[in-house]
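Let's work through a few exercises on how helices and strands are put together. Keep the viewer open and try each task before you read the solution.

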Protein chains: 2
Amino acid sequence: MVSKNQIKTITGLQQKKYRKQHKLFFAEGIKVVQELLNSNFELHHLYATTANLFAGLPNHKVSIITDDELKKISALTTPQSCLALFTMPDEKPLTTTGLIVALDDVRDPGNLGTIIRLCDWFGVDQLVCSAECVDVYNPKVVQATMGSLTRVNVVYTNLKEYLATAETPVFGTFMDGQNIYKQELPQNGIIVLGNEANGISAEIEALSTNRIAIPRFGNLQQTESLNVATAAAIILSEFRRNF
Amino acid sequence: MVSKNQIKTITGLQQKKYRKQHKLFFAEGIKVVQELLNSNFELHHLYATTANLFAGLPNHKVSIITDDELKKISALTTPQSCLALFTMPDEKPLTTTGLIVALDDVRDPGNLGTIIRLCDWFGVDQLVCSAECVDVYNPKVVQATMGSLTRVNVVYTNLKEYLATAETPVFGTFMDGQNIYKQELPQNGIIVLGNEANGISAEIEALSTNRIAIPRFGNLQQTESLNVATAAAIILSEFRRNF
């Protein structure tokens, strides 16, 4: 059973201001919910259409609901048997060593989710986002992470100030940068990726100590840019391929 | 001016069966439309909200329409000033040399569009799709290609038969494959990528002469898979990085 008030609260959580107000976010589908349950995220409440999906959880934290009720609270076109509310944790402080990814104004939820999944795959546990980036607790981001959110620390900050005080090299990707395939890449550094339409902003560009580029193959007339998530995949693969 | 019949025809083109029946597909937005106009694709009709966007086109192929009319024919939530209908070309025959990408049952339009863009970037001009793959003229695929569709030959075929008669090595990606970073990769070959949820099917796996894997970094508990488009980015980058 889901009350009208609960429906209003849960659907409200699709908006950042209500997530902030309630300090809650939600995830859907067994895979993502299970990963979050197995992590440090604190379950607030679970709504599921079958009782035996999640045995062992305290009774007062679980409601068995109908498919119709799930449809009313879900953000998905095709709801996936469960929806769980979790407490939004406090941001953990950033570490300053190791390989770090920083995003300058990345707006697309799918791109952010995919980049979090890539960070997880390539052992990058710190992701720094400029304040303009899409919110990590946006339901579309949470779904796209496929549970990787539990293993990557995502921190929102003033990116300019953060990079200005960085003690490791800052790698910005630019069309006229140095061929990424022809250089030694360190294990400590910050990889900056820019906005989908405009790339890295001028003020962040000025803070890039190393200008890198993914070369296009051949000299044909080709596409002028890569999607930010596929660029992230190629760059992270290059940084990690020799280790 | 757009007639009711035209609206019905154009919105119908969002479905494969009507695209096949009319032998037409459409693209939206100046960038994609411009790229298609500059290619071998044949313009059927252009609908634009401003007259001077596309000077030089024959008058009878252009209609100036209002924002409201564009909204009625557009497949986008936020229509983008123009929509153009193009004739679906006949499939060109496949070449059998060079680097070729083959997709086994890739269903997501965004993934197919991103992979076409990657093929274009990395100079792969042949993309072979199994019959189960999403249609390349699906409007979401066309938009995601960002114009790369004009430079990549996409052919639908019986993938099993195609691979069974292939004369170059067939590279399938599997969790237990050989580390892709530690082998010499040829310039002739077929890279096979599998379905989003199930990977490469058993019958296609049996036809893979080379089993490759993208290793995860470290030994931590990490995400168990990469999105098919990000896997494609990393694999294509590896095949092309030394050339």
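**Exercise 1. Find the bridge partner of A:Ile100 in S9(A).**

*Solution.* A quick note before we begin: this is a predicted model.
Step 1: look across from A:Ile100 into S9(A), and you land on A:Ile190, its bridge partner.
Step 2: widen the view to the two strands. Strand S5 (residues 99-103) of chain A and strand S9 (residues 189-193) of chain A run parallel and are joined by five bridges.
Step 3: see what lies on the sheet. Helix H5 (residues 109-121) of chain A packs there, touching S5, strand S6 (126-130), S7 and S9 of chain A. The direction of this helix makes about 155° with that of S6(A).

**Exercise 2. Put the strands of that six-stranded sheet in order and find its edges.**

*Solution.*
Step 1: trace the order in chain A, which is S7-S6-S5-S9-S8-S10. The sheet is open and its pairing is parallel.
Step 2: go to the ends of that order. Strand S7 (153-157) and strand S10 (210-213) of chain A are the edge strands; each has a single partner strand, so one side of each has no neighbour in the sheet.
Step 3: check the turn between neighbours. Ignoring direction, it is 35° on average.

**Exercise 3. Now do the job again for the sheet of four strands in chain A.**

*Solution.*
Step 1: the order is S1-S4-S2-S3, again an open sheet, and the pairing is mixed.
Step 2: what does "mixed" build on? Strands of a sheet pair through backbone hydrogen bonds, either parallel or antiparallel.
Step 3: pick out an antiparallel pair. S1(A) and strand S4 (residues 82-87) of chain A pair that way over five bridges. Within this region, A:Ala27 stands opposite A:Ala84 in S4(A).

**Exercise 4. Decide how H5(B) and H9(B) lie to each other: parallel or oblique?**

*Solution.*
Step 1: get the geometry. The axes of helix H5 (residues 109-121) of chain B and H9(B) come within 9 Å and cross at roughly 15°.
Step 2: compare with the cut-off. Angles under 35 degrees count as roughly parallel, so H5(B) and H9(B) are roughly parallel to each other.
Step 3: look at who touches whom. H5(B) brings B:Asn111, B:Thr114, B:Ile115, B:Leu118 and B:Cys119, while H9(B) brings B:Val228, B:Ala229, B:Ala232, B:Ala233 and B:Leu236.
Step 4: sort these residues by class: eight are nonpolar, two are polar and none is charged.

**Exercise 5. Describe how H9(A) meets H9(B).**

*Solution.*
Step 1: helix H9 (residues 228-240) of chain A packs against helix H9 (residues 228-240) of chain B at an angle of about 50°, and their axes are 8 Å apart.
Step 2: name the arrangement. H9(A) and H9(B) are therefore oblique to each other, and the crossing is right-handed.
Step 3: list some of the contact residues. Among them are A:Ala233, A:Ile234 and A:Glu238 of H9(A), along with B:Ala233, B:Ile234 and B:Glu238 of H9(B).
Step 4: count the classes in this contact, and you get six nonpolar, four polar and two charged residues.

**Exercise 6. Work out what relation links chain A and chain B.**

*Solution.*
Step 1: lay chain B on chain A. A turn of 180° and a shift of 0.0 Å along the axis do it, with an RMSD of 0.0 Å.
Step 2: name the relation: it is that of a two-fold axis.
Step 3: check the contact surface. The same surface serves both copies, as 100% of the contact residues of chain B recur in chain A.

Definitions and conventions:
Residues are numbered from 1 along each chain as its sequence is written. Chains are lettered from A and ligands numbered from 1 in the order in which they are written. This is a predicted model: local features need pLDDT of at least 70, side-chain atom pairs count only at pLDDT 80 or more; totals for chains, interfaces and linings use all residues. Side-chain values use heavy atoms; hydrogens and water are left out. Axes are lines fitted to C-alpha atoms, for helices over the stretch in contact, and angles run from 0 to 180 degrees between N-to-C directions. Angles under 35 degrees count as roughly parallel, over 145 as roughly antiparallel, 65 to 115 as roughly perpendicular and the rest as oblique. A crossing is left-handed if the near helix is turned anticlockwise from the far one by less than a right angle, and right-handed if clockwise. Contact means heavy atoms within 4.5 Å. Ala, Val, Leu, Ile, Met, Phe, Trp, Tyr, Cys and Pro count as nonpolar, Asp, Glu, Lys and Arg as charged, and the others, Gly among them, as polar. Copies are superposed by least squares on the C-alpha atoms of residues with pLDDT of at least 70 in both. Two strands pair if DSSP finds at least two bridges between them.
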